[in-house]
Amino acid sequence: MDVVSDAISAVRIGQPSSQRVRVGGDWCTRLAPYEGAGFHVVLEGRCLLLPDGGEPVELGAGDAVLLPHGTGHVLAATASGATVDPARAVPFERWMDGTAGRRFHHLSTATTEDGTATATAATTAEDGTAVEMLCGKYRLDRRHAHPLLAELPPLVRLPARGEGADPGLRSAIELLGREVGERLPGSGVALPSLLDLLLVYMIRSWATTASTTADGGGAGTWPAALGDPVTAAALRAVHADPAAPWTIALLAAEAGVSRPTLARRFTALVGRPPMAYLAWWRLTRGAALLRDGREPLAAVARRVGYSTPYAFSHAFRREFGTTPGQYRAGPGAATA
């Protein structure tokens, strides 16, 4: 796979969840911090997003926003022109189930974290100023997140139109809005796939935009690393086949440069030398395989470039402070 795909696959667990909401009038709801990534897509109307500790962001139809670190926030709209008071925000769960004083009716289905379909709810705007949006979240295991995701800011706003707009992202939003709104046959399969596609487009759009403004010389600047042809070529090789017997000479040949040139540019942009990154990625990929599958330890070791389970286990424990078996058992297992 490529770097962005692998970065997502390394932390994604379970199915994404989404809820389609249509509401009018004055409203204000709070979404608590979440151990994952949250997103909102505005399909109609306008609303305000107030992230904890950040500046308010106005969202219009077609806009998407990603909260990659699960930052708590408030969503609000004031058709009457009243001032938004975050202190009076209603918890999202109460707001959705109608116990906060709003009357809801069923509108469409959404995909839950276990992949099943459930009814979502909405109100009809009496003054014709409805806000319709998709609210959702991705479950993430952040124990060994790729630094590409760690570099994402607390909030990424992705406009639908104008400067910085991504046509691919806009198409994905249109597909997702249609799929949720029309209850088409096969939506139980299509919705999780489209939500995963949305996450890819949002991260890709951020990386593309950031790479055009980065100076390319800052350590750990992943958008710049992906935009640098030499570093990107070496990264593609490593991620396409992490089990291959890579050496600095082979990676330099893939990039079409000398070994010193690759080492200098790769280290400056990625934050660690090529072979150190390879060793780290093999173990991180191994951790994802342990978490998501039931392959024997020997098979996992081979898939990430280790000749024996013992060699893999020794390196894994040195890197992560636990054995592969304890890691597979979960965070609650003993870590002797």
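Here is a short, friendly note on the structure above, point by point.

1. **Before you start.** This is a predicted model, so please read it with its cut-offs in mind: local features need pLDDT of at least 70, side-chain atom pairs count only at pLDDT 80 or more, and totals for chains, interfaces and linings use all residues. Residues are numbered from 1 along each chain as its sequence is written, and side-chain values use heavy atoms, with hydrogens and water left out.

2. **The overall picture.** The protein has 13 helices and twelve strands. Both are DSSP runs numbered from the N terminus, with helices (H or I) of at least four residues and strands (E) of at least two. Of its 336 residues, 47% are buried. Here buried means under 20% relative accessible area, exposed means over 50%, and partly exposed lies in between, using a 1.4 Å probe and protein chains only. A contact means heavy atoms within 4.5 Å. Among contacts between residues at least 6 apart in sequence, 71% join residues at least 24 apart.

3. **A five-stranded sheet.** Which strands form the open sheet, and in what order? Following the sheet across, you meet β5-β4-β7-β2-β8, and the pairing is mixed. Two strands pair if DSSP finds at least two bridges between them. At the edges stand β5 (57-59) and β8 (90-91); each has a single partner strand, so one side of each is left without a neighbour in the sheet.

4. **Strand β7 and its partners.** Strand β7 covers residues 73-78, and five of its six residues are buried. With β2, strand β7 pairs in the antiparallel sense over six bridges. You can locate this pairing at L31, which stands opposite H73 in β7, and at W27, which stands opposite A77 in β7. Strand β4 (residues 47-51) also runs antiparallel to β7, joined by four bridges. There, look for L50 opposite V74 in β7. When you look at any strand, it helps to remember that in a regular strand the side chains alternate between the two faces of the sheet.

5. **Strand β1 and the loop after it.** Is β1 largely enclosed or left open? Five of its seven residues are buried, so β1 is largely enclosed by the rest of the structure. Strand β1 runs antiparallel to β11 (residues 131-139), and seven bridges join the two. One place to find this pairing is R22, whose bridge partner in β11 is E132. G24 sits in the loop between β1 (17-23) and β2 (26-31). G24 counts as buried because its relative accessible area is 9%. G24 and A130 are 106 residues apart in sequence, yet their C-alpha atoms are 4.4 Å apart in space.

6. **Cysteines without disulfides.** How many disulfides does the structure hold? The count is zero, where a disulfide is a pair of cysteine sulfur atoms within 2.5 Å. For C135, the nearest cysteine sulfur is that of C47, 8.0 Å away, and C135 is in no disulfide. C135 is buried, with a relative accessible area of 4%. C28 also counts as buried, at 15% relative accessibility.

7. **Cavities.** The model has three cavities of 30 Å³ or more. A cavity is a set of points, on a 1 Å grid over the protein atoms alone, where a 1.4 Å probe fits but cannot get out; lining residues have an atom within 4 Å of a point. Grid points are joined across faces, edges and corners, and a volume is the space filled by probe spheres set on the points. The largest cavity holds about 100 Å³ of space. Its lining includes I8, L66, H69, R142, L149, L152 and I203.

8. **I203, one of the lining residues.** I203 belongs to helix α5 (residues 187-211) and counts as buried at 3% relative accessibility. Which residues does I203 touch, leaving aside its neighbours within four places in sequence? They are V4, I8, L66, L149 and L152. I203 and L158 are 45 residues apart along the chain, with their C-alpha atoms separated by 9.9 Å.

9. **R170, for contrast.** Look for R170 in helix α4 (residues 167-182). R170 is partly exposed, with a relative accessible area of 29%. R170 and P159 are eleven residues apart in sequence and 8.8 Å apart in space, C-alpha to C-alpha.

Terms used. 1 Å grid on protein atoms, 1.4 Å probe; cavity = no way out; pocket = protein on both sides within 12 Å on 5 of 7 lines; lining within 4 Å.
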